[in-house]
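Me: I have a model open and would like to go through the labels it carries. Could you explain them as we go?

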Amino acid sequence: MQGVLTGFAVIAVVIAVGYAIGRRGYLGDQGREVLTKLAFHVASPALLFTTLAQADLSVIFSSRLLVTALSTAAAAGVFVAVGVVRHWGVGRTTIGALCSSYVNSGNLGIPIAVYVLGDASLVAPVLLFQLVGVTPVALTILDLSGKGEKGPLWRRLLTPLRNPIAVGSLAGVAVSATGLRIPAPVLDPLTLIGGMSVPAVLLAFGISLCGSTMPGRGPDRLPVFLSVALKSFGQPAAAWALAAGVFGLRGAPLLDVVVTSALPAAQNLYTYASSYRVAERLARDSILLSTVISVPVLVVVAALLG
């Protein structure tokens with residue numbers, strides 16, 4: 001259980017620092033926005049590129065990835081279906097679907113994979129699937145649904161290539177697939193810049209909590225509770241059913257996929273919502289509540305399947 005507690009303790013401390021910074025006003029009125037833009041346009045693309053450029057792409061053919069993809073689609077699909085019926089709009093439905101299915105595989109998934117599962121590489125299939133598959137698709141939908149998107153069809157189809165997150169991810173995959181070796185003078189500065197991504201996201205999230213109301217209130221109450229329920233309980237349950245019932249996984253492989261599916265919504269989803277100025281409160285509340293709930297969920301999963 002040390003991995004679960006350690007991972008959450010690290011995140012909680014950095015968010016608390018961000019909250020204190022916001023309360024004190026050390027970064028001024030634009031502090032959160034600057035950190036968000038830094039993470040979205042500079043640090044996160046660098047982090048994704050350096051991570052994927054050195055990744056083993058053979059994991060994309062594993063059965064664990066299929067379980068991840070199907071459980072992600074199941075959780076997101078339920079939210080999208082409800083969003084369509086309730087007329088929540090493309091932007092809010094997209095962010096809500098991400099909060100229902102996009103797990104914190106980076107800053108929380110890695111330490112949990114190390115301390116609970118015993119191997120950091122076990123989170124790689126989830127990380128790759130989300131970075132290469134889910135993120136470009138979701139951000140493209142957000143780009144195309146924006147009010148400023150009025151260009152010709154060919155330009156709209158090339159939207160992923162103009163998104164810094166997608167560009168960093170796809171460039172990293174290309175380098176890994178071709179086997180290119182990046183010289184240290186090029187890789188080291190990118191690694192250093194990428195190291196700012198997670199702290200910037202968490203600090204911006206902490207600042208956003210200043211003066212905010214309790215989560216789960218206001219007009220986004222239903223979307224928040226639905227996304228949290230799907231993320232905290234629906235996705236892990238779907239992963240367990242698929243892994244055990246369809247793919248016949250047992251023991252450690254079964255524990256791996258269920259634990260990674262039970263991770264809370266990723267903090268960078270708030271960065272996406274803030275960058276596109278859509279469903280920011282939905283993202284913030286969903287991330288916060290799913291992070292709190294995931295602590296006992298992960299403990300129970302590890303106890304039952306470990």
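Me: What does the accessible surface of the protein chain come to?
Reply: About 13,900 Å², of which 68% belongs to carbon and sulfur atoms. Such areas come from the Shrake-Rupley method with a 1.4 Å probe, and for residues only the protein chains shown count as cover. Happily, the ground rules are brief: this is a predicted model, where local features need pLDDT of at least 70, side-chain atom pairs count only at pLDDT 80 or more, and totals for chains, interfaces and linings use all residues. Residues are numbered from 1 along each chain as its sequence is written, and side-chain values use heavy atoms, with hydrogens and water left out.

Me: Why is the pair Asp256 and Arg64 called a salt bridge?
Reply: The term asks for a side-chain nitrogen of Lys or Arg within 4 Å of a carboxyl oxygen of Asp or Glu. Here the closest N and O atoms are 3.1 Å apart, so the pair qualifies. Asp256 and Arg64 are 192 residues apart in the chain.

Me: Why does Asp256 count as buried?
Reply: Buried means under 20% relative accessible area, exposed over 50%, and partly exposed in between (1.4 Å probe, protein chains only). Asp256 has 6% relative accessibility, so it is buried. Its partner Arg64, at 23%, is therefore partly exposed.

Me: And what makes Arg277 exposed?
Reply: Its relative accessible area is 60%, so Arg277 is over the 50% limit. Arg277 also meets Glu33 in a salt bridge at 3.3 Å, N to O.

Notes
Helix = DSSP H or I, 4+ residues; strand = E, 2+ residues; numbered from the N terminus.
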